[in-house]
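Please look at the sequence and the model side by side before reading on. The report below is meant to be followed with the structure in view.

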Amino acid sequence: MTKDLDKPARTGGGPGHVAIIMDGNGRWAQSRGRPRLFGHHAGARRVREIVSACPDLGVKYLTIFAFSTENWKRTQSEVAGLMSLFRRYIMKEMQAFVKENVRVRFIGDRPRLDKKLRGLMDEAEAMTSGCTGTNLTIALNYGGRDEVSRATKRLAQDVAAGRLDPEKVDEETLPKYLDTCVLPDPDLVIRTSGEARISNFLLWQSAYAEYEFIDTLWPDFTAEKFDELLSHYGTRDRRFGAVSA
Ligand code: IPE
Ligand code: IPE
Ligand code: MG
């Protein structure tokens with residue numbers, strides 16, 4: 001994005017938390033006659049541009065869907081290529097994130113990921129734990145139903161151990177057990193590539209999110225496009241079940 005120094009950062013009114021389903025890498029590559037992994041690499045390069053645009057756009061929290069609990073169904077070579085990309089990505093980008101004051105977190109079920117990747121994820125979280133700028137959350141081996149199931153298991157364990165009174169369980173209880181417990185709910189969920197579905201992303205958290213389904217394939221998604229979607233968000237009337245003032 002060309003930085004316009006006279007243009008003030010967007011304040012108030014914008015979505016503080018944007019979640020993105022980064023879809024369309026495979027089709028982007030296939031349309032160029034290249035293997036799917038070529039698209040994943042191009043997609044990974046886009047992430048930096050979008051993260052860097054956040055401070056100017058007033059986005060304090062950015063959550064991106066990188067790999068779902070369903071994505072294991074892909075060919076072994078695509079899955080292995082993605083895992084290797086994640087490892088390299090984390091190694092390569094961490095210094096830049098620290099420099100840009102980006103706090104990195106991961107959500108999803110970690111035990112199924114390989115040890116080396118898990119180590120890098122822990123390292124990235126620790127290295128950026130003091131960063132106070134954009135909160136970047138990467139959903140890796142993440143599924144909304146899996147997250148709610150894991151949360152429910154721990155909640156049930158707390159009830160069984162006498163640490164939680166079942167009579168006191170309400171809407172505020174389960175979120176405390178979710179992977180996203182320290183994050184606000186997303187205000188805006190964007191999905192690229194023309195599919196109008198949420199594919200098991202942030203099911204509980206997005207109950208009142210606004211949605212943007214756009215045709216652009218993820219490797220073609222730019223900071224300008226991001227800015228445009230955020231401007232459109234500003235025109236929406238979020239009623240949360242009430243009646244407009
Ligand atoms: C999104 O792109 C990235 C991941 C799911 C890992 P896809 O790989 O789903 O790309 P399409 O949808 O096949 O084009
Ligand atoms: C959702 O995309 C998951 C990620 C972007 C990581 P998919 O491409 O896996 O979703 P479906 O299969 O089209 O629903
Ligand atoms: Mg897809």
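What follows describes the surroundings of two ligands and then one pair of aromatic rings.

The model is a predicted one, and side-chain atom pairs are counted in it only at pLDDT 80 or more.

**Ligand 1**

The shell around ligand 1 begins, in sequence order, with Met22, Asp23, Gly24, Asn25, Gly26 and Arg27, and it goes on with Arg36, His40, Ala66, Asn71, Arg74 and Leu82. Sorted by class, this shell holds three nonpolar, five polar and four charged residues. Three arginines in the list bring a polar side-chain atom to an oxygen atom of ligand 1: for Arg27 the distance is 2.7 Å, for Arg36 it is 2.8 Å, and for Arg74 it is 2.7 Å. On its own, ligand 1 would expose 380 Å², and the protein buries 87% of that area. The space that ligand 1 takes up is the largest pocket. Two elements give two or more residues to the shell around ligand 1, namely helix 1 (25-30) and helix 2 (36-57), and helix 1 gives the most, with three residues.

**Ligand 2**

Ligand 2 also sits in the largest pocket. Around ligand 2 lie Ile21, Met22, Asp23, Phe65, Ala66, Phe67, Asn71, Arg74, Arg191, Arg197 and Ser199. By class, these are five nonpolar, two polar and four charged residues. Strand 2 (residues 61-68) supplies the largest share of this shell, with three residues. Polar side-chain atoms lie 3.3 Å from an oxygen atom of ligand 2 in the case of Arg74 and 3.2 Å in the case of Arg191, while an N or O atom in the side chain of Ser199 is 2.6 Å from an oxygen atom of ligand 2. Of the 390 Å² of accessible area that ligand 2 has on its own, the protein covers 78%.

The polar contacts described above are gathered in this table.

| Side chain | Partner | Distance |
|---|---|---|
| Arg27 | oxygen atom of ligand 1 | 2.7 Å |
| Arg36 | oxygen atom of ligand 1 | 2.8 Å |
| Arg74 | oxygen atom of ligand 1 | 2.7 Å |
| Arg74 | oxygen atom of ligand 2 | 3.3 Å |
| Arg191 | oxygen atom of ligand 2 | 3.2 Å |
| Ser199 | oxygen atom of ligand 2 | 2.6 Å |

Arg74 is thus listed both for ligand 1 and for ligand 2.

**An aromatic pair**

A pair of aromatic rings is described by the distance of the centres and the angle of the planes. The structure holds ten aromatic pairs, and one of them joins Tyr208 and Phe240, whose rings are tilted, with 5.2 Å from centre to centre and 50° between the planes. Tyr208 lies in the loop between strand 5 (188-191) and strand 6 (210-213), whereas Phe240 lies in the segment after helix 6 (223-233), so the pair ties together parts that are 32 residues apart in sequence.

Key. Residues are numbered from 1 along each chain as its sequence is written. Chains are lettered from A and ligands numbered from 1 in the order in which they are written. This is a predicted model: local features need pLDDT of at least 70, side-chain atom pairs count only at pLDDT 80 or more; totals for chains, interfaces and linings use all residues. Side-chain values use heavy atoms; hydrogens and water are left out. A residue is near a molecule or strand if one of its heavy atoms lies within 4 Å of it. A polar contact is a pair of N or O atoms within 3.5 Å; within protein, one must be able to donate a hydrogen and the other to accept it, and residues adjacent in sequence count only if both atoms are side-chain atoms. Accessible areas come from the Shrake-Rupley method with a 1.4 Å probe; for residues, only the protein chains shown count as cover. On a 1 Å grid over the protein atoms alone, a cavity is a set of points where a 1.4 Å probe fits but cannot get out, and a pocket is an open set with protein on both sides within 12 Å along at least five of seven lines; lining residues have an atom within 4 Å of a point. A molecule sits in a cavity or pocket if more than half of its atoms lie within 2 Å of its grid points. Helices (H or I, at least four residues) and strands (E, at least two) are DSSP runs, numbered from the N terminus. Ala, Val, Leu, Ile, Met, Phe, Trp, Tyr, Cys and Pro count as nonpolar, Asp, Glu, Lys and Arg as charged, and the others, Gly among them, as polar. Rings of Phe, Tyr and Trp (its six-membered ring) pair if their centres lie within 6.5 Å; planes under 30 degrees apart count as stacked, over 60 as edge-to-face and the rest as tilted.
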